[in-house]
Amino acid sequence: MTTESTKADDIAVLIEEAIVAGELEPGSVLRQEQLSERFGVSRTPVREALRKLAALGLVSFEPNKGVRVRTLSHDDLREAFLVRAELEALVTEVAAQKMTEVHLAELEECEKRFARLTKEVRSHDPGNARRSLMADWMRANHAFHDVLYRTADMPYVESVAKAARRTFSGPTVWAPVDDELEALYERNQAEHRAIRQALVAHSVAGARELAHEHVMHSFELLTTILAHVAADWAVT
């Protein structure tokens, strides 16, 4: 691999992290000269990095406008979650047959961290820290599922599922928690516990079904948050 290709891979990872963390918001323009200056490289690896991100669906090249962080429609999001639901159900089914006590202990730790952060999200308006809190919450959510990916050891399926997972920069979105969102957050957290308990009980079919249902319920949580945000914008 050439040095330029290595640089492009590194830059692609850094830009992806900035998008997922919400530092680069949907619809924002990415200028090659600014990225070159930011990363201290020529435009060649920057262009290659942007092509890699476009292949992942994170950015789009627009004629006469440049490169934008992709803004997804409701249908795009639903399609991405449908893909995730099917693949994460498969991964969970395979992982259930390979689970060790070590894996289960790691999964329990991830579940506990996610529960703590969910409680924080539900308990108050984090104010200026909301983006940081939601980024931590999203990472904790991913960490739980990543244990299942590692256990299943299905690299191709994992790469496709995670590409679908990247399609939305969830940490950028927060809405005041009302009764409806309270119930959805609580269900989301409880489903992690239910998946782990099914794995502890060696219920392969049960774990698979719970994983599929959980991903689609996560889509419901996300779209409800987005609806609340849209309503707030309409008022202000």
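Phe81 and Phe219 are both buried in this predicted model, and they offer a convenient way into the structure. A pair of aromatic rings is described by the distance of the centres and the angle of the planes. For Phe81 and Phe219 the ring centres lie 5.3 Å apart while the planes meet at 50°, so the pair is tilted, given that angles under 30 degrees count as stacked and those over 60 as edge-to-face. This pair links distant parts of the chain, since Phe81 sits in helix H4 (residues 74–96) and Phe219 in helix H9 (residues 204–235), with their positions 138 residues apart.

The structure holds three aromatic pairs. In another of them, the rings of Trp137 and Tyr185 have centres 5.7 Å apart and planes at 85°, so this pair is edge-to-face. Here too distant parts of the chain are linked, with Trp137 in helix H6 (residues 130–152) and Tyr185 in helix H8 (residues 179–200), 48 residues apart. Both Trp137 and Tyr185 are buried, and together with Phe114 they form one aromatic cluster.

Turning from the rings to the strands, one finds an open sheet of three strands in the order E1-E3-E2, with antiparallel pairing. Its edges are strand E1 (29–30) and strand E2 (59–62), each of which pairs on one side only. Strand E3 (residues 66–69) is joined to E1 by two bridges, the two strands running antiparallel, and within E3 it is Arg68 that serves as the bridge partner of Val29. Helix H3 (residues 43–55) packs on this sheet and touches E1, E2 and E3, its direction making about 110° with that of E2.

How values were computed
Residues numbered from 1 in each chain as written. Predicted model: local features only at pLDDT ≥ 70, side-chain atom pairs only at ≥ 80, totals over all residues. Heavy atoms only, no water. Pairing = 2+ DSSP bridges. Helix = DSSP H or I, 4+ residues; strand = E, 2+ residues; numbered from the N terminus. Contact = heavy atoms within 4.5 Å. Axes fitted to C-alpha atoms, helices over the stretch in contact; angles between N-to-C directions. Phe/Tyr/Trp six-rings, centres within 6.5 Å; stacked < 30°, edge-to-face > 60°. Buried < 20%, exposed > 50% of the residue type's maximum accessible area, 1.4 Å probe, protein only.
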